[in-house]
Amino acid sequence: MKLYDGGRAPNPRRTRIFLAEKGITLPIEPVDLGALQQRSAAYAAINPLMRVPALELDDGTVITESIAICRYFEALHPDPPLFGRGALETACVEMWNRRLELHFLFPVSHVFRNSHPAMKDMEVPQVPAWAEANKPRILEFITLLDRELESRPFIVGDAFTVADITGLISVDFMKPAKLAVPDGLVHLKRWHAAVAARPSAAA
Ligand SMILES: N[C@@H](CCC(=O)N[C@@H](CS)C(=O)NCC(=O)O)C(=O)O
């Protein structure tokens, strides 16, 4: 088994943090996104979508999509449960994880990919107006998230889940996108400081 990894890029990092929370270590094969190694014929044969992460099993099966990889390990190693316990909590984790992806991670990614000079070879064409269009959407969502976090320590409740991992990588991805959490969002900042201090965040 081997994990094709992409360094500080958010989706590979999401998978590594998840594995660290589970206490799972895997052989890692770095894919150099800066050198566009994900577009090489060798890597395209592993993932035709030319994205990371990708998990290659010993029988040659390849699982892509960071959350699909996380779900695979959740099924193999249920403790600690990171996708929720029971019907209600599991649905709430799914709801928040999807909300965070659709309304936070993807818009931050659109800003980064369409405005950062380092992304000009990866995002073709770059559309600066699309970057600008996403900025108010991010602010609107994180303001909502801040209100939610006023009443609970983690995104879904009292327990750390994969939704907190998606939230953490999204906030951290704001920095290269040249975005910042406004000082007034104190609950979001308190939550971020707590999850960023977990040992897994360094993965
Ligand atoms: N939905 C996929 C997204 C994968 C993805 O977009 N990965 C980025 C790094 S965060 C990538 O490989 N980018 C390379 C490129 O755009 O060429 C997942 O969750 O794994």
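User: Which helix gives the largest share of the shell around the ligand?
Analyst: This is a predicted model, in which local features need pLDDT of at least 70 and side-chain atom pairs count only at pLDDT 80 or more, while totals for chains, interfaces and linings use all residues. Residues are numbered from 1 along each chain as its sequence is written, and side-chain values use heavy atoms, with hydrogens and water left out. Helices are DSSP runs of H or I with at least four residues, strands are runs of E with at least two, and both are numbered from the N terminus. With 4 residues, the largest share of the shell comes from residues 10-22, helix H1.

User: How many residues around the ligand are charged?
Analyst: A residue is near the ligand if one of its heavy atoms lies within 4 Å of it, and 14 residues surround the ligand, with Gln38, Val52, Glu65, Ser66 and Arg113 coming nearest. Asp, Glu, Lys and Arg count as charged, Ala, Val, Leu, Ile, Met, Phe, Trp, Tyr, Cys and Pro as nonpolar, and the others, Gly among them, as polar. The shell divides into 6 nonpolar and 3 polar residues, and the charged ones number 5.

User: What share of the ligand's exposed area does the protein bury?
Analyst: Polar side-chain atoms approach the ligand at several points: one of Gln38 lies 2.8 Å from a ligand oxygen, and an N or O atom in the side chain of Arg113 is 2.8 Å from an oxygen atom of the ligand. On the side of Glu65, an N or O atom of the side chain is 2.6 Å from a ligand nitrogen. Taken alone the ligand exposes 520 Å², by the Shrake-Rupley method with a 1.4 Å probe, and the share of this that the protein buries is 86%.

User: Which residue forms a salt bridge with Glu74?
Analyst: A salt bridge is a side-chain nitrogen of Lys or Arg within 4 Å of a carboxyl oxygen of Asp or Glu, and the whole structure holds 13 of them. In the one formed by Glu74, the closest N and O atoms are 2.6 Å apart, and the partner is Lys22. This pair links distant parts of the chain, 52 residues apart, joining Glu74 in helix H3 (residues 66-76) to a residue of helix H1, Lys22.

User: Which residue is joined to Pro125 by a cis peptide bond?
Analyst: Pro125 is found in the loop between H4 and helix H5 (128-149). The cis peptide bond here has an omega of about 0°, and the residue joined to Pro125 is Val124.

Conventions. Polar contact = N/O pair within 3.5 Å; in protein donor to acceptor, adjacent residues only side chain to side chain.
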